[in-house]
Amino acid sequence: MSHIKSQKHLSGKERLRQKAKRERDLAEVFPTYDDRNYPKGETLSMESRVFRVKIITAFLKTGVAINKIDCFRRILEESSNRLTSGSHMAELIPVARQEEIKTIQEELTGREISIVFDGTYRLGEAIVVLVRFLDSEWTIQQRLIRFLWLAKSLKGEVAREIISVLAREYGIATELPVAAMRDRASVNNVALRAIKVIFPNILDICCFSHTLDHVGAKFNTPTLTKFMKHWILLFAHSPRAKLLWRDLTGRSPNTYSSTRWWSKWECIKQDLFLLYPHVTASLSSKEDVAPATTRKLLDIIANNEAQLKIEIAATVDVGEAFVKKPYSLEGDGPLAVVAYDYIIELQNHMRLLHMPNVIRIANEMAGPGQPALAQQYYNFA
């Protein structure tokens with residue numbers, strides 16, 4: 001009696017119930033699939049076909065290539081259910097997809113949801129649509145409901161794709177989407193206006209990480225901005241420059257990415273702030289490394305080195321708090337409850353701004369016994 005009431009026994013019963021339900025759901029998907037596709041193997045027993053879909057699903061979820069089934073076939077067939085070649089097994093992917101859609105439909109029935117989407121106007125990109133919701137135990141759940149590779153730019157068609165997947169494919173009622181998270185790209189602005197016509201309860205939530213990331217673009221650092229333009233080009237187009245820098249510093253140069261949070265700030269902190277003594281040495285090397293770009297960088301140092309150093313130090317001091325917060329806001333947790341606190345912290349950071357690196361650099365450049373000159377450099381920053 002105690003075993004029947006134990007958690008182990010109850011969990012086992014629930015697993016068996018879920019297993020039986022899944023097999024029934026798959027059995028319901030096959031007739032429609034057969035009518036449309038006339039697949040090989042449709043005369044097999046339903047048990048064998050369900051088993052094959054389970055194998056396909058497991059391989060897809062773990063990211064293992066379907067053609068690797070051939071390598072595992074002998075051991076997988078020990079359960080008495082036979083498989084077929086990987087190429088034929090791949091024909092069952094639409095069945096696994098339909099099963100996943102049906103499962104998500106059941107999860108979303110009657111639940112308020114938020115959607116997360118990102119579109120692009122560039123060729124070769126993709127559109128992704130996620131939904132987030134609270135399950136019966138008040139746990140945040142997230143599901144991918146659309147991942148679409150683009151043969152051509154969607155531009156204004158992003159909204160149409162989102163409305164189609166929500167309303168037609170998943171049958172979500174118009175009043176249930178209550179929020180939408182996206183970045184401030186113009187294509188997403190247009191898309192959300194169209195989406196709200198169909199789903200009027202949506203609250204527009206722009207990505208705080210994207211918003212905070214744009215703060216760095218407002219820094220008034222003309223000399224550093226000009227220097228970084230050529231510095232990034234130097235390493236982007238010259239493998240020899242990367243090797244020379246690594247030989248001098250023992251580190252590879254930080255790689256700039258226009259799509260990564262505060263990538264430029266990280267390049268400035270590591271390459272220019274922490275390793276600045278090696279900058280001139282690498283640029284003055286006798287090796288023929290991007291001579292035109294190198295000459296422009298050396299000219300900036302020769303004519304504006306004091307200003308460049310102060311702008312580097314100021315960027316590191318002011319930017320650090322803004323770098324940490326966007327990274328903290330990346331994730332799948334309940335970020336909405338901490339986003340406001342982060343914004344207040346950043347406001348206080350700017351109100352009580354302290355720049356220790358600027359003070360140190362200013363004192364070094366002014367020299368001993370020159371507090372007035374150091375203060376002049378500090379005020380300049």
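How many of the 381 residues count as buried, as a percentage? I looked that up before anything else, and the answer is 38%. Note to self: this is a predicted model.

**Entry 1: overall count**

I tallied the secondary structure and got 17 helices and 5 strands. Then I checked how the contacts spread along the chain. Taking contacts with a separation of 6 or more, 64% of them join residues 24 or more positions apart.

**Entry 2: the cores**

Next I went for the nonpolar cores. The largest one holds 43 residues. Its members with the most contacts inside it are Phe227, Met228, Trp231, Leu234, Leu272, Val279 and Ile312. I wanted to know which helices feed it, and those giving at least two residues each are helix 10 (222-237), helix 11 (239-249), helix 12 (263-274), helix 13 (277-283), helix 14 (291-328), helix 15 (336-351) and helix 16 (356-366). Helix 14 gives the largest share, 13 residues.

I picked Phe227 for a closer look. Ignoring neighbours within four places in sequence, I found Phe227 in contact with Leu272, Val279, Leu297, Ile300, Ile301 and Leu308. There is also a second, separate core, with 27 residues, and Leu108, Val165, Ala191 and Ile202 are among them.

**Entry 3: helix 7 on helix 8**

I turned to helix 7 (residues 158-169) and helix 8 (residues 186-198). Their axes sit 8 Å apart and the packing angle is about 40 degrees. So helix 7 is oblique to helix 8. The crossing of helix 7 past helix 8 is right-handed. From helix 7, I listed Val158, Ala159, Ile162 and Ile163 at the contact; from helix 8, Val187, Ala191, Ala194, Ile195 and Ile198. Sorted by class, that contact between helix 7 and helix 8 comes to 9 nonpolar residues, with no polar and no charged ones. Ala191 had already turned up in my notes, in the second core.

**Entry 4: helix 3 on helix 4**

What angle do the axes of helix 3 and helix 4 cross at? I read roughly 130 degrees for helix 3 (residues 46-62) and helix 4 (residues 69-76), with the axes coming within 13 Å. Helix 3 is therefore oblique to helix 4. The handedness of this crossing is right-handed. Phe51, Ile55, Ile56 and Phe59 on the helix 3 side meet Ile69, Phe72 and Leu76 on the helix 4 side. I classed the residues of the helix 3 contact with helix 4 as well: 7 nonpolar, no polar and no charged.

**Entry 5: two strand residues**

Is Arg182 buried or exposed? I checked, and Arg182 is buried, because its relative accessible area is 7% and the cut-off for buried is under 20%. Arg182 lies in strand 4 (residues 177-182). Leaving out residues up to four places away in sequence, Arg182 touches Phe117, Asn188, Asn189, Leu192, Asp204, Ile205, Cys206 and Cys207. I also took the C-alpha to C-alpha distance from Arg182 to Phe117: 5.7 Å in space, with their positions 65 residues apart in sequence.

Then I did Leu203, which lies in strand 5 (residues 203-206). Leu203 counts as exposed, at 53% relative accessibility. Apart from neighbours within four places in sequence, Leu203 is in contact with Val178, Ala179 and Ala180. I finished with the pair Leu203 and Leu192, which are 11 residues apart in sequence and 9.9 Å apart in space, C-alpha to C-alpha.

Technical notes
Residues are numbered from 1 along each chain as its sequence is written. This is a predicted model: local features need pLDDT of at least 70, side-chain atom pairs count only at pLDDT 80 or more; totals for chains, interfaces and linings use all residues. Side-chain values use heavy atoms; hydrogens and water are left out. Axes are lines fitted to C-alpha atoms, for helices over the stretch in contact, and angles run from 0 to 180 degrees between N-to-C directions. Helices (H or I, at least four residues) and strands (E, at least two) are DSSP runs, numbered from the N terminus. Angles under 35 degrees count as roughly parallel, over 145 as roughly antiparallel, 65 to 115 as roughly perpendicular and the rest as oblique. A crossing is left-handed if the near helix is turned anticlockwise from the far one by less than a right angle, and right-handed if clockwise. Contact means heavy atoms within 4.5 Å. Ala, Val, Leu, Ile, Met, Phe, Trp, Tyr, Cys and Pro count as nonpolar, Asp, Glu, Lys and Arg as charged, and the others, Gly among them, as polar. A nonpolar core is a set of buried Ala, Val, Leu, Ile, Met, Phe, Trp, Tyr and Cys residues joined through side-chain atoms within 4.5 Å. Buried means under 20% relative accessible area, exposed over 50%, partly exposed in between (1.4 Å probe, protein chains only).
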